[in-house]
Protein chains: 4
Amino acid sequence: MKALVYHGPGSKAWEDVPDAAVQEPTDVVVRIDTTTICGTDLHILHGDVPTVDAGRILGHEAVGTVTEVGPAVTSFAVGDRVLVPAITRCGRCAYCVKGMPSHCQTLGGIGWILGHLIDGTQAEFARIPFADTSLYAVPENVSNEQAIFLADSLPTGYEVGVLAGGVRPGHTVAVVGAGAVGLGSVLTTGLWGASKVIAIDSNKFRLETAIEFGATDTVEAGPNTVAEVLALTDGLGVDVSIEAVGYPQTLQTAAKLVRPGGTIANIGVHGVPVELPMQEMWIQNVTLTMGLVDTVSIPILLKMVASGHLPAEKMGTHTFTFDQMDEAYDVFKNAAANSALKVIINPS
Amino acid sequence: MKALVYHGPGSKAWEDVPDAAVQEPTDVVVRIDTTTICGTDLHILHGDVPTVDAGRILGHEAVGTVTEVGPAVTSFAVGDRVLVPAITRCGRCAYCVKGMPSHCQTLGGIGWILGHLIDGTQAEFARIPFADTSLYAVPENVSNEQAIFLADSLPTGYEVGVLAGGVRPGHTVAVVGAGAVGLGSVLTTGLWGASKVIAIDSNKFRLETAIEFGATDTVEAGPNTVAEVLALTDGLGVDVSIEAVGYPQTLQTAAKLVRPGGTIANIGVHGVPVELPMQEMWIQNVTLTMGLVDTVSIPILLKMVASGHLPAEKMGTHTFTFDQMDEAYDVFKNAAANSALKVIINPS
Amino acid sequence: MKALVYHGPGSKAWEDVPDAAVQEPTDVVVRIDTTTICGTDLHILHGDVPTVDAGRILGHEAVGTVTEVGPAVTSFAVGDRVLVPAITRCGRCAYCVKGMPSHCQTLGGIGWILGHLIDGTQAEFARIPFADTSLYAVPENVSNEQAIFLADSLPTGYEVGVLAGGVRPGHTVAVVGAGAVGLGSVLTTGLWGASKVIAIDSNKFRLETAIEFGATDTVEAGPNTVAEVLALTDGLGVDVSIEAVGYPQTLQTAAKLVRPGGTIANIGVHGVPVELPMQEMWIQNVTLTMGLVDTVSIPILLKMVASGHLPAEKMGTHTFTFDQMDEAYDVFKNAAANSALKVIINPS
Amino acid sequence: MKALVYHGPGSKAWEDVPDAAVQEPTDVVVRIDTTTICGTDLHILHGDVPTVDAGRILGHEAVGTVTEVGPAVTSFAVGDRVLVPAITRCGRCAYCVKGMPSHCQTLGGIGWILGHLIDGTQAEFARIPFADTSLYAVPENVSNEQAIFLADSLPTGYEVGVLAGGVRPGHTVAVVGAGAVGLGSVLTTGLWGASKVIAIDSNKFRLETAIEFGATDTVEAGPNTVAEVLALTDGLGVDVSIEAVGYPQTLQTAAKLVRPGGTIANIGVHGVPVELPMQEMWIQNVTLTMGLVDTVSIPILLKMVASGHLPAEKMGTHTFTFDQMDEAYDVFKNAAANSALKVIINPS
């Protein structure tokens with residue numbers, strides 16, 4: 001079979017590799033019908049994720065069809081259309097039981113193994129461990145192009161932003177950074193009845209897109225960001241401030257936007273320490289949350305897509321085929337400049 | 001001033017009464033600009049509420065303008081446009097502090113005193129006790145015709161149905177009884193991301209209206225009600241089953257519609273005991289909730305109306321003036337037959 | 001091997017049966033080191049549980065040692081000391097994922113299968129399906145005689161009483177019925193900081209025992225029960241009223257003991273419908289919960305036993321060996337008269 | 001009357017001042033029967049709190065007797081024994097209604113006004129605004145020496161540590177800093193069923209005291225602190241890590257002690273920014289909380305003291321009279337060296 005293989009920092013190739021196959025009784029093999037690229041894949045290619053070895057097949061998001069089933073698998077059969085999420089879940093450790101497979105102890109404390117510690121989904125086929133507790137059946141009326149974004153970006157915006165932030169009816173919400181994941185937060189604030197959703201970014205395409213995704217207001221990032229958001233929120237700030245970028249400055253901005261008693265939900269992947277003005281914040285009764293996605297919200301998100309409440313397909317702006325993998329990476333690498341959010345990659 | 005006075009079972013009159021005036025330092029007087037009629041007012045006229053004495057001015061819902069302010073009142077001034085809710089809140093007893101003024105201990109264990117234990121709002125003016133903690137300022141862009149339904153029927157549908165029922169994103173919800181309060185539940189399920197909302201009633205106008213209020217499915221009440229709802233919900237039933245009628249049979253039906261682990265939220269005002277099939281229910285891990293509205297959700301509902309997310313004005317189907325009070329009662333008494341939900345009553 | 005076999009209503013025998021063996025890759029076989037008898041076993045013998053076929057080995061509670069392991073089992077090995085809970089959990093269906101395996105869909109909608117739909121634990125050995133997600137390792141410093149009560153009675157009192165009732169610091173709690181399960185509630189109210197725990201029963205031994213289990217007050221069941229409880233709770237009633245008997249009258253009593261805004265947590269297994277005074281209750285903002293245990297609290301209860309906070313061994317009042325099985329049943333059948341709570345049954 | 005007056009940084013005097021008197025209809029005057037000193041009072045004397053003007057009477061904790069009542073006050077009468085908490089609550093603004101009077105909007109966004117923006121409680125008498133919603137009646141069987149610590153230090157340890165940290169049954173908890181407030185956390189972890197409570201400090205008296213307050217383990221602060229705590233918690237860290245000091249290093253330590261999915265509850269009052277290792281923390285699914293106390297837990301804490309579950313009197317190690325005010329400050333200033341926790345100051 002063919003797959004996108006990582007050959008060390010800066011180097012990757014769509015090339016022949018040994019076929020994926022069942023290795024454990026709880027495995028299945030999935031034929032990849034649709035996959036996509038995540039910002040994390042770009043970090044790997046930059047050499048920023050030392051736990052990824054050269055020779056690894058990348059990718060941790062897919063919709064596909066089951067082609068082989070291990071003897072202990074009871075929930076899926078050959079031919080089933082399934083969603084492969086970014087997080088694998090053993091389903092039996094304490095973290096999986098409490099709904100936090102991002103820290104699955106069976107997998108070594110990290111639920112993200114596909115395209116990381118084992119081969120991933122940017123390939124013709126992929127082996128999926130712990131299939132019974134990791135895969136999701138895709139409802140008939142949900143398309144591959146909708147489901148693919150439920151593998152990672154939408155649940156990340158929803159779980160790490162909207163859920164961790166505790167959005168509730170009537171709340172005002174700010175989203176700092178309107179890339180794919182931030183827009184995933186914007187798109188799902190409505191599930192919890194937010195009354196005002198303010199998107200903040202320096203890119204005009206993204207701000208316009210944010211309005212299409214359900215933002216009620218937009219603020220161009222700049223020296224007046226905080227003042228403009230406070231002006232939109234009675235001078236006290238938002239109830240929930242979501243950070244979806246990953247830099248010290250953006251987290252510091254998010255912290256300034258929140259009202260006393262509110263929550264700052266950090267989604268961004270940080271590479272350096274962040275100095276927090278605790279001398280001002282300690283008295284504000286605010287909460288700061290952060291984390292890797294668990295993807296446990298997928299069943300709910302699938303229901304909302306199936307019932308027509310969540311237009312997940314809006315996340316996909318560009319479509320490629322497997323043999324255009326390099327082009328797909330190039331477009332996604334410069335997403336803002338290309339007016340791109342997420343790319344869709346199909347076999348042909 | 002003029003007011004609608006209750007003269008014992010079956011008897012009422014719009015007549016001259018002494019002017020409303022501040023009696024306690026925490027009182028205000030409100031000029032009534034819009035009021036409405038509640039099903040409870042009909043119960044009083046039937047003689048079903050013995051705690052209402054003859055001579056009482058009826059009504060516990062209003063939008064009005066403050067005309068007199070007691071010396072201890074700090075939050076409201078003469079001229080302020082305010083919403084007068086069904087529930088008065090002392091703000092200092094343990095029940096008020098925990099957000100349950102329906103059982104305000106300062107008021108004798110019952111927060112509903114307007115048009116019940118003291119004179120009410122179907123009048124030109126009304127005295128409102130504990131104004132600072134009971135009244136709500138109406139935002140400029142919310143009309144009287146929208147705000148009036150936030151005094152009782154919408155918060156009842158929302159708090160006693162949607163909130164008590166614990167509706168969450170992705171949930172399926174059944175609403176047994178699509179009168180004004182049941183439709184209040186339907187209208188507010190979207191604040192918590194319900195994926196499917198099934199309205200059940202025997203009246204076709206109400207079922208059609210339910211669709212306009214956001215129901216995704218309707219079921220005509222009858223021998224197949226339970227089977228039809230189960231067919232719409234994978235055979236297991238709904239996550240939240242809301243009862244908005246108040247008869248043994250409708251509560252028993254609501255109980256049959258709920259899936260294991262779900263919640264039956266009783267809104268209905270019951271007049272007789274109800275036999276529950278506990279021999280079947282005990283093992284189902286279901287929860288049954290019930291209660292009087294607290295009206296503490298009004299600030300959130302006002303925000304959602306002001307931000308355009310909640311079309312509260314849809315509740316008002318007929319408009320009358322003070323001197324048409326009898327006609328207003330007649331139309332409301334036969335609401336279903338008149339294709340009426342709630343009536344709006346203005347001074348002129 | 002030997003086991004206690006049900007031969008239809010009123011008939012049982014400790015007799016030779018085929019050896020337990022692994023049948024599915026997710027099974028283990030456990031040698032039973034300690035088992036006990038549940039009230040449900042008595043119901044089965046009465047013929048009250050028609051889903052139990054003649055020929056079934058009874059029992060759904062055990063502590064034992066793993067003797068055989070299916071090929072897909074990864075969490076347990078031969079020789080591990082394990083707790084076998086009343087509820088089997090597939091770990092992959094929607095109900096198991098949300099922590100409600102009592103309604104496991106893989107098992108047909110009922111998580112209680114041991115000694116019910118498949119052979120149980122009153123035997124020398126037992127086959128345990130879905131071992132990885134159903135069994136619990138027993139910490140070294142927890143004895144068999146402590147752990148055995150975490151298989152069913154303690155988690156039932158805790159989950160269906162204390163957790164479902166929502167006991168919180170400062171709460172007053174009434175427990176109607178101080179048998180083994182009701183005492184399990186009493187014993188675990190302290191985990192949530194109850195300030196007052198009132199045990200109610202007609203049996204003096206049980207009331208005395210309740211004090212040893214942590215009750216602060218006792219009330220002898222009788223015509224003055226409600227008045228006495230109200231007198232102990234400022235006249236308003238308790239925050240949480242736990243029913244642990246299963247008769248209409250005891251549930252009606254529990255309902256009368258709860259204050260406005262409180263919760264009635266029904267643990268009792270009911271055989272007939274119960275008439276609830278909804279004409280009085282609807283306005284009280286009370287909640288009624290009910291359900292089968294999930295046993296998902298076992299890890300927490302094991303921690304609390306291991307750390308010395310929960311003297312679970314107090315539940316065991318009488319000890320028998322396998323060949324005294326009939327005697328054990330006789331004592332347990334007349335538990336109150338025998339000053340018995342739960343029996344402990346060891347191989348020899 | 002006499003009172004302790006702040007005369008600018010480093011200067012204070014117990015001296016004659018004008019009598020306290022009712023100024024607003026919602027005020028009462030309280031004769032101070034017991035007061036104490038808070039770490040914040042020391043900060044004021046250091047000149048670290050610029051919002052305190054010279055001439056201000058210090059103190060925000062007291063138990064006393066009502067001597068004068070404003071005309072709008074309904075809950076208290078002359079002669080009532082009351083607890084005066086650190087936080088004043090208007091009871092009518094959105095923050096007070098949601099239980100967060102620390103940010104009372106009526107009072108300018110800060111609920112701490114006594115001994116800060118208006119005269120305080122280190123005096124013979126004190127005027128208390130918004131008495132109905134701010135004061136608490138002290139139960140007969142709770143002594144002044146118990147109640148005084150419920151004015152600030154115990155609720156701070158409980159609300160900002162235990163409640164914000166979300167301690168639940170079975171949890172492991174670390175408390176960094178075993179001064180009065182940290183010990184307040186230790187003392188109240190039991191209300192939520194913690195299984196292991198690890199106190200960390202560099203002072204041996206405090207560590208010994210922590211054991212008396214309910215800690216199960218102690219760790220001397222030093223280079224091995226993190227390693228020792230991890231060794232006590234299966235290598236993953238605690239569920240809840242409470243910071244009760246207020247320095248960058250102690251917060252950084254607290255952050256290192258928490259397991260994935262856990263909560264860091266910051267109680268400390270910080271004077272400078274804190275650098276957080278977000279490059280390591282972002283993926284840990286941890287939550288960081290912080291805030292000023294609301295004192296809304298006082299009714300529950302009073303119940304727990306009254307029922308004998310919470311030995312609040314253990315907080316008081318030294319007793320003084322009003323004319324020993326200077327000595328009381330000196331002892332408290334060097335609390336650790338003096339084996340002091342909190343001082344009790346009585347009129348004579």
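Trainee: How many salt bridges does the rule find across the interface of chain D and chain A?

Mentor: The rule finds zero salt bridges across that interface in this predicted model. Polar contacts are found there, however: 15 residue pairs, both at pLDDT 80 or more, are in polar contact across the interface of chain D and chain A. By class, the side of chain D that touches chain A has 20 nonpolar, 14 polar and four charged residues.

Trainee: What area is buried between chain D and chain A, and which residues supply 22% of the area that chain D buries?

Mentor: The buried area is about 3,200 Å², and carbon and sulfur atoms give 64% of it. Met278(D), Trp282(D) and Met290(D) supply 22% of what chain D buries against chain A, more than any other three residues. In terms of contact, 38 residues of chain D meet 38 residues of chain A.

Trainee: What makes S14 of chain A and S14(D) a strand pair?

Mentor: Pairing requires at least two bridges between the strands. Three bridges join strand S14 (residues 287–290) of chain A to S14(D), and the strands run antiparallel; the requirement is therefore met. Within this arrangement, Thr289(A) stands opposite Thr287(D).

Trainee: How many salt bridges are counted between chain B and chain D?

Mentor: The count between chain B and chain D is two. Asp132(B) forms a salt bridge with Arg92(D).

Trainee: Why is the pair of Asp132(B) and Arg92(D) called a salt bridge?

Mentor: The closest N and O atoms are 2.6 Å apart. The cut-off is 4 Å between a side-chain nitrogen of Lys or Arg and a carboxyl oxygen of Asp or Glu, so the pair qualifies. The area buried between chain B and chain D is about 880 Å², of which carbon and sulfur atoms give 52%. Ala72(B), Arg92(B) and Val97(B) supply 46% of the area that chain B buries against chain D.

Trainee: Why is Arg56(B) called buried and Asp119(B) partly exposed?

Mentor: Buried means under 20% relative accessible area, and exposed means over 50%. Arg56(B) is at 15% and therefore counts as buried, whereas Asp119(B) is at 33% and so counts as partly exposed. The two residues form a salt bridge, with the closest N and O atoms 3.1 Å apart. This pair links distant parts of the chain, 63 residues apart.

Trainee: Which parts of chain C does the salt bridge of Glu61(C) and Lys342(C) link?

Mentor: Glu61(C) lies in the loop between helix H1 (39–45) and strand S4 (62–69), and Lys342(C) in strand S16 (residues 342–346), 281 residues apart. The N to O distance is 3.1 Å, and both residues are buried.

Trainee: Why is Asp234(C) called exposed, and Ser339(B) partly exposed?

Mentor: The relative accessible area of Asp234(C) is 73%, so this residue is exposed. Ser339(B) has 32% and is therefore partly exposed. Asp234(C) lies in the loop between helix H8 (225–232) and strand S11 (238–243) of chain C. Ser339(B) is placed in the loop between helix H12 (325–333) and strand S16 (342–346) of chain B.

Trainee: What is the phi of each of these two residues?

Mentor: Phi is near 50 degrees for Ser339(B) and near 55 degrees for Asp234(C). Both values are positive in a residue other than glycine. Most residues other than glycine have a negative phi.

How values were computed: Residues numbered from 1 in each chain as written. Chains lettered and ligands numbered in written order. Predicted model: local features only at pLDDT ≥ 70, side-chain atom pairs only at ≥ 80, totals over all residues. Heavy atoms only, no water. Helix = DSSP H or I, 4+ residues; strand = E, 2+ residues; numbered from the N terminus. Buried < 20%, exposed > 50% of the residue type's maximum accessible area, 1.4 Å probe, protein only. Contact = heavy atoms within 4.5 Å. Buried area = accessible area lost by both parts, 1.4 Å probe. Polar contact = N/O pair within 3.5 Å; in protein donor to acceptor, adjacent residues only side chain to side chain. Nonpolar A, V, L, I, M, F, W, Y, C, P; charged D, E, K, R; others polar.
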